[in-house]
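Student: I would like a close look at a single part of this protein, the place where its helices pack against each other. Please take me through it in one connected answer.

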Amino acid sequence: MLLSIEPDGPVPIYQQIRDRIVEAIARGRQPAGSALPPIRQLAIDLGVNFHTVNKGYDLLRQEGLLRLGRKAGAVVRRDASSGPPDQAWAGDWTGRLATLLAEAAAQGMPATDIIAECQDALADFAFPTAAAETWQGSGGSR
């Protein structure tokens, strides 16, 4: 697994690690059941502290996307084909989405541009066939 991070960027490195892994899962590059590099190895590969990678992996564990074990290591627990998300997660996500969209609107981004950016982002993700058909039926294009 190849991760690209910006060590001097504005986003904390552990958050970048978490975000890149979520993106890999969403794009179908890390399906449920696939192993991630051991924490120590990823830390060496990225040139960051072990605790930084551990914090990123722990966020993914808390979100239900990773299973961490001594023998199996870090394994992807869920992907787009794993069924509906937990209700609590879905409620939290809706709130975060509203805030993100509000930020774009507050910065003066037109609604048509916001929608186009969302459609472009969604086009990169590996949805199961039924989910893709539902999205297309609701006005999206793939």
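Tutor: What follows goes from the overall layout to the helix packing, then to the core and a few single residues.

This is a predicted model, in which local features need pLDDT of at least 70 and side-chain atom pairs count only at pLDDT 80 or more, while totals for chains, interfaces and linings use all residues. Residues are numbered from 1 along each chain as its sequence is written, and side-chain values use heavy atoms, with hydrogens and water left out.

The protein has six helices and two strands; these are DSSP runs numbered from the N terminus, helices being H or I with at least four residues and strands E with at least two. Along the sequence their order is α-α-α-β-β-α-α-α. Of the 142 residues, 24% are buried, where buried means under 20% relative accessible area, exposed means over 50%, and partly exposed lies in between (1.4 Å probe, protein chains only).

Two packed helices are described by the angle between their axes and the distance between the axes. The axes are lines fitted to C-alpha atoms, for helices over the stretch in contact, and the angles run from 0 to 180 degrees between N-to-C directions.

Take H1 and H3 to begin with. Their axes are 8 Å apart and the packing angle is about 45°, so H1 and H3 are oblique to each other. Angles under 35 degrees count as roughly parallel, over 145 as roughly antiparallel, 65 to 115 as roughly perpendicular, and the rest as oblique. H1 passes H3 in a right-handed crossing, that is, the near helix is turned clockwise from the far one by less than a right angle; anticlockwise would make it left-handed. Among the H1 residues that meet H3 are Ile13, Ile17, Arg18 and Ile21, and the H3 side includes Val53, Gly56, Tyr57 and Leu60. Contact here means heavy atoms within 4.5 Å. The residues of this contact divide into nine nonpolar, three polar and two charged. In that count Ala, Val, Leu, Ile, Met, Phe, Trp, Tyr, Cys and Pro are nonpolar, Asp, Glu, Lys and Arg are charged, and the others, Gly among them, are polar.

Now H2 (residues 39-46) and H3 (residues 50-62). They pack at about 120°, with their axes 8 Å apart, and are therefore also oblique to each other. H2 passes H3 in a right-handed crossing. From H2, Ile39, Arg40, Leu42 and Ala43 meet Phe50, Val53, Asn54 and Tyr57 of H3. This contact comprises six nonpolar residues, one polar and one charged.

The largest nonpolar core has 18 residues, and Ile17, Ile21, Val53 and Tyr57 have the most contacts inside it. Such a core is a set of buried Ala, Val, Leu, Ile, Met, Phe, Trp, Tyr and Cys residues joined through side-chain atoms within 4.5 Å. H1 (13-26), H2, H3 and strand S2 (73-76) each supply at least two of its residues, and H2 gives the largest share, four.

Two H1 residues show the packing in detail. Setting aside neighbours within four places in sequence, Ile17 is in contact with Leu3, Ile5, Leu42, Leu46, Thr52 and Val53. Arg18, in H1, is buried at a relative accessible area of 15%. With neighbours within four places again left out, Arg18 is in contact with Gly56, Leu59, Leu60 and Glu63.
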